[in-house]
Protein chains: 2
Amino acid sequence: MTKQILEHAAANGLLNRRHLLKLGVASIGTAVSASALGAESSLNFSLPSWSRQPGANASGYGERSPHTDFMQRMAGTPNPTYPGGGASRTPLQHLQGTITPNSLHFERHHAGVPAIDPAGHTLVINGLVRQPLAFRYEDLLKYPMISRIHFLECSGNSGALIRGTNGGTAQSLHGLVSCAEWTGIALSTLLDEAGVAPQAQWLAAVGADAASMGRSVPINKAMDDVMVALYQNGEPLRPEQGYPMRLFVPGWEGNISVKWLTQLKLTREAGQFRDETSKYTDTQADRSSLQFTFPMGVKSLITSPSGEMSLAQQGLYQVTGIAWSGNGTIRRVEVSADGGNTWADALIESQVHDRALTRFRIPWQWQGGTAVLMSRATDSAGNVQPTLQSLMARQGSINTYHNNAMQRWAVSQAGEISNDYA
Amino acid sequence: MTKQILEHAAANGLLNRRHLLKLGVASIGTAVSASALGAESSLNFSLPSWSRQPGANASGYGERSPHTDFMQRMAGTPNPTYPGGGASRTPLQHLQGTITPNSLHFERHHAGVPAIDPAGHTLVINGLVRQPLAFRYEDLLKYPMISRIHFLECSGNSGALIRGTNGGTAQSLHGLVSCAEWTGIALSTLLDEAGVAPQAQWLAAVGADAASMGRSVPINKAMDDVMVALYQNGEPLRPEQGYPMRLFVPGWEGNISVKWLTQLKLTREAGQFRDETSKYTDTQADRSSLQFTFPMGVKSLITSPSGEMSLAQQGLYQVTGIAWSGNGTIRRVEVSADGGNTWADALIESQVHDRALTRFRIPWQWQGGTAVLMSRATDSAGNVQPTLQSLMARQGSINTYHNNAMQRWAVSQAGEISNDYA
């Protein structure tokens with residue numbers, strides 16, 4: 001417990017990632033005397049009410065503790081001119097690990113959440129195929145399935161920073177990313193059954209929502225790792241995630257994983273659906289349109305401490321966050337406490353999966369001065385997360401999609417944390 | 001699509017695991033004519049109501065579709081002489097993938113679910129330590145955490161088969177196993193802070209429920225891979241899983257992962273708590289007691305088709321299920337359709353994690369005769385799942401704990417599936 005053994009890994013208090021929190025400061029646990037505890041047990045402590053009588057019986061479908069009800073998705077105010085259009089954001093600053101519970105997975109809808117009865121839902125494969133096919137939900141349950149843990153991120157996530165938004169939290173700025181185990185049928189299985197014609201270059205995927213949300217998928221990707229997902233974290237998809245079925249396109253912008261999937265049409269050309277021209281096209285600085293920028297870039301985010309949190313006192317903190325890439329696994333996450341001048345390697349503390357959220361942490365000693373906390377991820381393909389400045393130099397300020405830049409969290413002398421792009 | 005290319009892998013219809021379902025039989029998808037679909041789209045199909053107007057807005061905390069509400073844990077009838085004692089079982093036959101959603105994770109309580117306010121909960125470490133310590137919930141949130149995907153299984157799971165139970169489903173017979181991503185503090189971190197005395201050989205873990213559920217953990221395991229878990233699948237533990245904190249002991253019988261953890265006492269000898277003598281001790285054939293049989297054996301279970309399901313028609317089915325081991329990863333799962341005379345290798349279709357549920361499948365052609373479906377797992381340590389006969393020859397018929405034997409699902413000529421141990 002001596003200060004001498006603390007190994008600093010970067011400026012402004014970042015410590016070697018192997019250091020445990022207790023080093024160099026008083027332990028967090030409160031020392032208690034043997035007499036307070038009693039020689040044999042802790043029963044000298046006053047016994048709380050819940051230890052005095054039996055609690056509730058086992059139940060059919062569990063609920064969370066009322067003490068955690070404050071963890072909510074952040075849903076925007078409904079817009080009467082765009083009924084059902086909107087999103088809700090995952091409370092990233094309150095979660096740990098890498099899996100997002102289904103009730104808190106982010107949403108993005110173009111015409112709200114359709115209340116689908118699976119018995120009345122059909123998936124059609126048509127267009128440039130040997131034999132058009134129609135599948136009922138019950139049919140699809142008979143197919144072989146695969147299960148993979150993957151993130152899903154809206155291409156509009158973090159766009160607020162390009163718009164110069166003041167303030168904000170990890171949730172309000174970056175909450176359009178989540179992660180789950182997705183289970184479904186390899187799309188190639190169904191396409192092979194229909195028989196894809198050689199001239200088919202694109203697959204048009206259309207949802208059964210009132211927006212008829214449509215996106216175009218290149219045939220090579222469709223035959224590679226895309227699935228028709230039916231389950232999420234073990235249970236059937238939730239309605240807001242596409243129940244009874246959605247396309248799931250690993251690593252690509254979220255909207256191409258078309259929900260409430262009802263049609264897959266093989267075509268020569270891309271469909272140019274409303275939502276891939278009016279939206280999800282990247283308007284460049286010269287006002288030209290860049291289409292089909294599908295993969296989500298390598299990215300990371302410090303979730304704690306983060307925007308609108310405050311540090312109660314000087315001392316050691318565990319800086320933790322999530323990292324992900326649409327191009328593979330996370331190989332490295334570095335953290336800076338001085339706005340990017342010096343960097344220290346963070347510890348990866350979760351299991352690492354291809355195109356999935358990965359959890360990192362590093363201990364940081366805050367000594368009461370100002371700081372700017374940042375994280376920088378590198379993926380298995382060697383891509384390094386950019387600064388916002390370099391990202392905007394490349395893609396301009398009109399396009400707010402595909403912002404994978406580093407977030408800067410400013411720490412004031414009073415310990416208040418804020419978005420540093422104000 | 002010719003029958004000739006079907007490669008049989010074992011007797012009574014088991015096919016090579018690489019075969020897709022469509023081979024050798026009519027495809028499942030219904031062929032539709034181009035005119036029915038229209039040249040351009042599927043809109044000639046009548047448009048369902050949910051495609052005609054916008055659906056519900058985004059929400060703060062999502063719920064599942066009412067069409068999936070039938071998936072419930074199976075809770076036993078409350079016993080007035082054992083208030084709060086009981087369990088609920090995961091509906092394994094309805095789930096896919098490997099992660100169990102938190103609302104459907106199995107429960108086992110000795111005095112019900114205490115309604116704990118974390119602000120009034122304390123974790124004490126005492127006994128043979130340099131310095132007894134007390135931790136509030138808020139304290140523990142400041143520690144470094146790790147995240148791991150692990151199964152949890154009650155040692156009483158599948159005990160009904162040893163008792164000769166008639167009938168039953170995957171859920172009723174085997175539903176005391178689930179799997180989640182657990183996030184928490186390495187127990188060694190907290191024990192190091194308290195300073196474990198050299199003479200400490202055991203750790204007594206006690207819960208804050210009215211049963212004061214207690215279990216003894218050998219110190220070597222406690223310092224190895226045990227964690228004080230605070231989160232499950234990303235969110236805080238659910239009340240029935242130990243909110244605000246539980247011990248999590250990877251690979252070992254579930255009851256040692258003490259919920260609502262309030263005390264960890266370092267001792268020379270095992271605690272001999274009520275629940276590790278009256279329960280969770282294995283009574284041998286000669287009536288002697290075998291204690292501390294901690295690791296859960298290598299095991300697998302076919303979840304579909306399974307007990308009380310029926311096969312509607314002859315043809316190809318995807319046999320699927322879960323496999324796990326308390327001793328490592330799953331290396332191999334074999335399936336038999338003739339009661340164990342011949343075996344074929346199943347395909348592992350999920351990601352494989354240490355001491356976690358793993359999903360397998362194999363195609364099976366049912367031709368209308370009787371069959372007995374079984375699965376047999378082998379783990380990375382080379383352990384092979386036993387038959388019930390060999391297991392009972394070893395451990396007798398009094399001890400119903402630690403039954404990792406192969407389940408036999410009998411298929412009648414009418415296609416009815418039943419537990420074959422009747």
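**Exercise 1. Strand β13 of chain B**

Which residue of β15(B) is the bridge partner of Met227(B)? Then work out which strands pair with β13(B) and how well β13(B) is covered.

*Solution.* Some ground rules come before the steps.

The model is predicted, so local features need pLDDT of at least 70 and side-chain atom pairs count only at pLDDT 80 or more, while totals for chains, interfaces and linings use all residues. Residues are numbered from 1 along each chain as its sequence is written, with chains lettered from A and ligands numbered from 1 in the order in which they are written.

Helices (H or I, at least four residues) and strands (E, at least two) are DSSP runs, numbered from the N terminus. Two strands pair if DSSP finds at least two bridges between them.

- Step 1. Met227(B) has Phe248(B) as its bridge partner in β15(B). The pairing of β13(B) with β15(B) is antiparallel and spans three bridges.
- Step 2. Met227(B), in β13(B), is also the bridge partner of Ala186(B). Here β10 (residues 177-186) of chain B meets β13(B) in the antiparallel sense, over five bridges.
- Step 3. β14(B) joins β13(B) through two bridges, again antiparallel. Tyr231(B) has Pro236(B) of β14(B) as its bridge partner.
- Step 4. β13(B) and β14(B) make a hairpin with two residues between them. In the turn, Asn233(B) has a positive phi of about 50 degrees.
- Step 5. Check the cover of β13(B), residues 227-232: six of its six residues are buried. A residue is buried if 20 or more other C-beta atoms, placed from the backbone, lie within 10 Å of its own; exposed means 12 or fewer, and partly exposed is in between.

**Exercise 2. Unusual backbone geometry**

Locate two cis peptide bonds in chain B. Then place two non-glycine residues with positive phi, and state whether each is buried or exposed.

*Solution.*

- Step 1. The bond from Tyr243(B) to Pro244(B) is cis, with omega near 10 degrees. Pro244(B) sits in the loop between β14 (235-236) and β15 (246-248) of chain B.
- Step 2. Ser304(B) and Pro305(B) are also joined by a cis peptide bond, with omega about -5 degrees. The loop between β19 (299-304) and β20 (315-324) of chain B holds Pro305(B).
- Step 3. His402(A) has a positive phi of about 60 degrees. Its loop runs between α8 (388-395) and β26 (409-411) of chain A. His402(A) counts as buried because it has 26 C-beta neighbours inside 10 Å.
- Step 4. Gln272(B) has a positive phi of about 55 degrees. Find Gln272(B) in the loop between β16 (261-267) and α7 (274-277) of chain B. With 12 C-beta neighbours inside 10 Å, Gln272(B) counts as exposed.

**Exercise 3. A sheet across two chains**

Give the strand order of the open sheet of six strands and explain why one side of each edge strand is left without a neighbour.

*Solution.*

- Step 1. The order is β12(A)-β11(A)-β16(A)-β7(A)-β8(A)-β3(B), and the pairing is mixed.
- Step 2. β12 (214-218) of chain A and β3 (30-31) of chain B stand at the edges. Each has a single partner strand, so one side of each has no neighbour in the sheet.
- Step 3. Inside the sheet, β7 (residues 122-127) and β8 (residues 133-136) of chain A pair antiparallel over four bridges. Thr122(A) is opposite Arg136(A) of β8(A).
- Step 4. Now take β3 (residues 30-31) of chain A. Two bridges join β3 of chain A to β8 (residues 133-136) of chain B, antiparallel. Ala31(A) has Leu133(B) as its bridge partner in β8(B).

**Exercise 4. The interface and the fold of chain A**

How many residues does each chain give to the contact? Then summarise the overall dimensions of chain A.

*Solution.*

- Step 1. Chain A gives 104 residues and chain B gives 104 residues. Contact means that two C-beta atoms, placed from the backbone, lie within 7 Å.
- Step 2. On the chain A side, the largest share is four residues, from strand β9 (residues 146-153).
- Step 3. That side divides into 45 nonpolar, 41 polar and 18 charged residues. Nonpolar covers Ala, Val, Leu, Ile, Met, Phe, Trp, Tyr, Cys and Pro; charged covers Asp, Glu, Lys and Arg; the others, Gly among them, are polar.
- Step 4. Chain A has eight helices and 27 strands. Of its 422 residues, 55% count as buried.
- Step 5. Among contacts in chain A with a separation of 6 or more, 71% come from residues 24 or more positions apart.
- Step 6. The C-alpha atoms of chain A fill a box of roughly 80 × 60 × 40 Å along the principal axes.
- Step 7. The radius of gyration is taken over C-alpha atoms, and the globule rule is 2.2 Å times the number of residues to the power 0.38. For 422 residues, a compact globule would be near 22 Å; chain A has 24 Å, which agrees.
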